[in-house]
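I am opening this notebook to keep a record of what I looked up, entry by entry. Please have the structure on screen while reading.

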2 protein chains.
Amino acid sequence: MTGNKNFVLKGNICYSEDRNLLRTVEQGYLVCLEGKSEGVWKELPEQFFNLPLTDWGDKMIIPGLTDLHIHAPQFAFRGLNMNLELLDWLNTNTFPEEAKYKELDYAKKAYQIFADTMKKSGTTRACIFATIHRPATELLMDLMEETGLKTMVGKVNMDRNSPDYYCENSAEESVRDTEEWLEHVTKGYANVSPILTPRFIPSCTDELMDRLSRLQKKYQLPVQSHLSENQSEIGWVKELCPASRFYADAYDQFGLFGGKVKTVMAHCVYSSEEEIALMKKRGVFIAHCPQSNTNLSSGVAPVRTYLDQKMNLGLGTDVAGGSGESIFRAMVDAISVSKLRWRLLDESLKPVTLEEAFYMGTLGGGAFFGKVGSFLKGYEFDALILDDSSLPHPQPLSLKERLERFIYLSDDRHIIGKFTEGSRIF
Amino acid sequence: MTGNKNFVLKGNICYSEDRNLLRTVEQGYLVCLEGKSEGVWKELPEQFFNLPLTDWGDKMIIPGLTDLHIHAPQFAFRGLNMNLELLDWLNTNTFPEEAKYKELDYAKKAYQIFADTMKKSGTTRACIFATIHRPATELLMDLMEETGLKTMVGKVNMDRNSPDYYCENSAEESVRDTEEWLEHVTKGYANVSPILTPRFIPSCTDELMDRLSRLQKKYQLPVQSHLSENQSEIGWVKELCPASRFYADAYDQFGLFGGKVKTVMAHCVYSSEEEIALMKKRGVFIAHCPQSNTNLSSGVAPVRTYLDQKMNLGLGTDVAGGSGESIFRAMVDAISVSKLRWRLLDESLKPVTLEEAFYMGTLGGGAFFGKVGSFLKGYEFDALILDDSSLPHPQPLSLKERLERFIYLSDDRHIIGKFTEGSRIF
């Protein structure tokens with residue numbers, strides 16, 4: 001089917017129209033024209049009768065999933081050494097592992113595992129952190145290009161508070177490397193594009209931030225970083241940036257916090273009211289990473305607040321803070337941790353619903369990539385074919401129940417087809 | 001290998017010796033004599049040279065897992081309708097589903113799915129709730145017998161505060177049915193045995209509890225029930241049993257709370273100091289069910305307290321409060337929720353470690369079944385063969401790291417062999 005971007009899929013179709021509205025159409029028709037969704041019908045309109053049609057029978061068809069925050073070099077140690085909090089975890093586990101990507105042989109082996117796993121996952125779009133190393137970052141982009149997934153990949157910038165073996169020598173060197181990387185990668189990829197990636201404020205001098213800001217303007221780059229993940233981190237930022245009113249302000253001072261700059265910030269567990277107000281004003285995307293925030297004992301982000309305020313919001317796995325690449329699992333975790341937050345901390349913030357979790361993993365996060373994450377007319381045709389036949393049940397189930405159950409019980413075996421922009425990935 | 005209970009397995013062996021001591025032996029020898037572990041050696045002692053040896057190569061070998069709390073009839077709706085708290089969830093989802101098991105045709109279809117799934121899971125021992133129906137409970141026992149797993153199954157007793165369509169008419173009828181069931185099932189099974197199962201205090205009149213207590217003595221039965229899962233439930237018990245000093249006391253008044261009566265109580269999320277003291281004094285087993293306590297917004301049990309006080313403690317999936325049957329997942333969830341409890345509620349209770357979670361899922365829960373859940377000499381030979389070769393990694397890993405990663409990342413595909421009491425299940 002690759003190459004022909006005009007076709008019809010028949011099956012049990014589920015997608016979000018909005019954060020609370022999950023539409024389910026049994027035995028519906030989903031039309032793809034030129035790689036974009038033309039819409040979903042219960043009866044196929046006559047004008048599409050000539051298009052090739054694939055009948056997926058009892059399978060489910062849903063939009064592709066977006067992972068707004070994942071660290072490719074950390075995939076190697078997912079599920080390991082989960083007994084530390086953020087700052088100790090970075091020094092003990094993360095920086096030593098990321099330093100290995102200086103060696104291209106190691107990077108090749110590790111990134112191939114990452115790319116293969118991402119390809120067969122439910123994810124069609126992702127914002128990916130690489131390491132500080134330009135050659136390994138380009139290699140990662142080559143490998144991601146081959147998967148057919150639509151991803152943004154960032155060479156990481158860090159020029160302070162990092163171990164000698166894993167730190168750029170100066171802001172100047174960091175920016176020179178970054179610009180060389182940008183010159184290499186701004187052309188030649190159909191599926192991958194660069195994203196500016198200052199690791200987080202503690203790792204970046206003011207000089208570096210200032211220079212990156214100029215680079216952002218020159219290349220019109222989107223930006224990804226971390227924000228208010230952990231209280232020790234927030235305290236540290238306060239020490240490092242006495243002139244900033246709050247953590248986000250330390251990015252904002254350099255023009256790297258939304259507005260005309262498409263920006264995604266991971267975590268936002270402890271954002272203050274004024275930080276939330278600024279994120280909202282600037283349209284900054286929040287990558288909610290519930291599993292990582294649990295594994296690193298960070299806490300639970302106030303997602304109910306973000307939903308109610310209609311902020312830009314999606315899900316991230318944050319591997320290896322999170323232990324796996326599944327955005328279905330992130331949906332479940334978003335619901336789960338919101339229940340514990342409600343019970344243990346604040347009963348004014350109601351738990352996340354299934355509809356909201358599904359929205360976050362599809363349309364909510366997809367919006368960072370444009371019209372992505374739904375089957376509404378005009379959306380990029382990213383889709384998954386789901387087979388729940390090996391998850392038997394004795395009673396009849398509605399389509400919505402099948403979807404809910406799939407989200408809770410499935411793994412990669414149950415994803416049997418995947419499309420991005422109308423091209424078949426598998 | 002079935003039939004021959006004297007043999008040697010070679011491989012990478014991991015097991016708990018105590019709640020904090022995880023032993024790992026690379027390329028070790030595990031000897032089974034007459035269905036019991038004879039021990040683990042780095043070099044095989046000469047006296048075992050004549051035994052048949054299976055070399056599992058680079059695979060891992062660990063003790064079988066124990067699920068101290070699972071509801072077989074709820075398996076049908078696992079992963080569905082997770083938006084209610086306990087008491088509403090029982091009335092809306094659980095009782096209507098359990099009532100269906102009056103029909104043997106439905107029970108056969110549903111229980112076969114349950115038994116098939118349990119067979120291929122990592123669980124070798126389980127304490128299982130059935131429904132109030134005697135014929136369906138016997139059917140479940142027949143099906144569990146065929147799996148080869150060692151399980152205890154209970155016909156549920158409930159004679160009050162339950163909907164008309166799912167309630168026994170009187171204490172007398174409930175006990176008569178239960179005694180008939182016991183007469184049918186106390187012989188004839190090699191793998192399954194009955195366990196007395198008053199659902200929970202709100203469902204059982206004093207008269208029923210009193211009669212069940214006599215039945216317990218007559219048949220020398222173990223007991224399973226629920227305790228202090230949810231605050232509304234606890235408040236309700238207080239109303240229903242004004243003479244009880246606390247929830248556990250309502251069981252204890254009838255002699256159904258430990259001591260000579262082997263007893264397992266699920267949840268214990270909100271047990272008071274005096275309740276904890278009584279559990280400890282009576283040796284009552286706690287089935288910690290972290291996923292269920294999250295899904296039903298119940299809260300997080302103070303497992304650190306139970307570990308430090310060296311109480312009897314294991315893990316339960318509590319399907320369908322929990323959405324799956326994996327005790328590996330329960331280990332991860334036990335660690336995860338303990339981190340959130342520490343962060344959000346009480347920083348004096350440190351998170352559960354990997355060693356402790358593994359202990360709870362093997363030796364801790366296994367102790368309810370006797371000498372079960374370790375490879376120390378004299379323990380029943382329950383074992384799993386684990387294949388992590390399809391979870392690739394670029395770096396070398398120690399055996400302990402492989403085990404940790406397996407616990408976080410594996411599913412049923414990765415369990416390739418299973419033994420109970422020296423008999424091969426698959």
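The entries below go from the domains of one chain to a ring pair and then to the contact between two chains.

**Entry 1, the model and its domains.** I note at the start that this is a predicted model. I looked up how chain A is divided, and found domain 1, which covers 7–64 + 373–424, and domain 2, which covers 65–369. I then took the C-alpha centres of domain 1 of chain A and domain 2 of chain A, which lie 29 Å apart. The contact draws on 31 residues from domain 1 of chain A and 29 residues from domain 2 of chain A.

**Entry 2, the area between the domains.** For domain 1 of chain A and domain 2 of chain A, I read a buried area of about 2,500 Å², with carbon and sulfur atoms giving 63% of it. On the side of domain 1 of chain A, the residues that lose the most area to domain 2 of chain A are A:Arg19, A:Ile407 and A:Lys418, which together make up 32% of what that side buries.

**Entry 3, polar links between the domains.** I found four salt bridges across the interface of domain 1 of chain A and domain 2 of chain A, and I also noted a salt bridge between the side chains of A:Arg125 and A:Asp382, at 2.6 Å from N to O. Between domain 1 of chain A and domain 2 of chain A I count 13 residue pairs in polar contact. Which element gives the most to the side of domain 1 of chain A that touches domain 2 of chain A? I found that H13(A) does, with six residues.

**Entry 4, a ring pair.** I counted 32 aromatic pairs over all chains. For A:Phe75 and A:Phe114 the ring centres are 5.6 Å apart and the planes stand at 75 degrees, so I record the pair as edge-to-face. A:Phe75 sits in the loop between strand S5 (65–71) and helix H1 (86–99) of chain A, while A:Phe114 belongs to helix H2 (residues 104–120) of chain A, so that the pair links parts of the chain 39 residues apart.

**Entry 5, chain A against chain B.** I found 47 residues of chain A in contact with 47 residues of chain B, and about 4,200 Å² buried between the two chains, 56% of it on carbon and sulfur atoms. A:Leu340, A:Leu344 and A:Pro394 supply 16% of the area that chain A buries against chain B, more than any other three residues.

**Entry 6, polar links between the chains.** I count six salt bridges between chain A and chain B, and B:Arg343 forms a salt bridge with A:Glu85, with the closest N and O atoms 2.7 Å apart.

Methods. Residues are numbered from 1 along each chain as its sequence is written. Chains are lettered from A and ligands numbered from 1 in the order in which they are written. This is a predicted model: local features need pLDDT of at least 70, side-chain atom pairs count only at pLDDT 80 or more; totals for chains, interfaces and linings use all residues. Side-chain values use heavy atoms; hydrogens and water are left out. Domain bounds come from an automatic or database domain assignment. Contact means heavy atoms within 4.5 Å. Buried area is the accessible area (1.4 Å probe) that two parts lose on being put together, summed over both. A polar contact is a pair of N or O atoms within 3.5 Å; within protein, one must be able to donate a hydrogen and the other to accept it, and residues adjacent in sequence count only if both atoms are side-chain atoms. Helices (H or I, at least four residues) and strands (E, at least two) are DSSP runs, numbered from the N terminus. Rings of Phe, Tyr and Trp (its six-membered ring) pair if their centres lie within 6.5 Å; planes under 30 degrees apart count as stacked, over 60 as edge-to-face and the rest as tilted.
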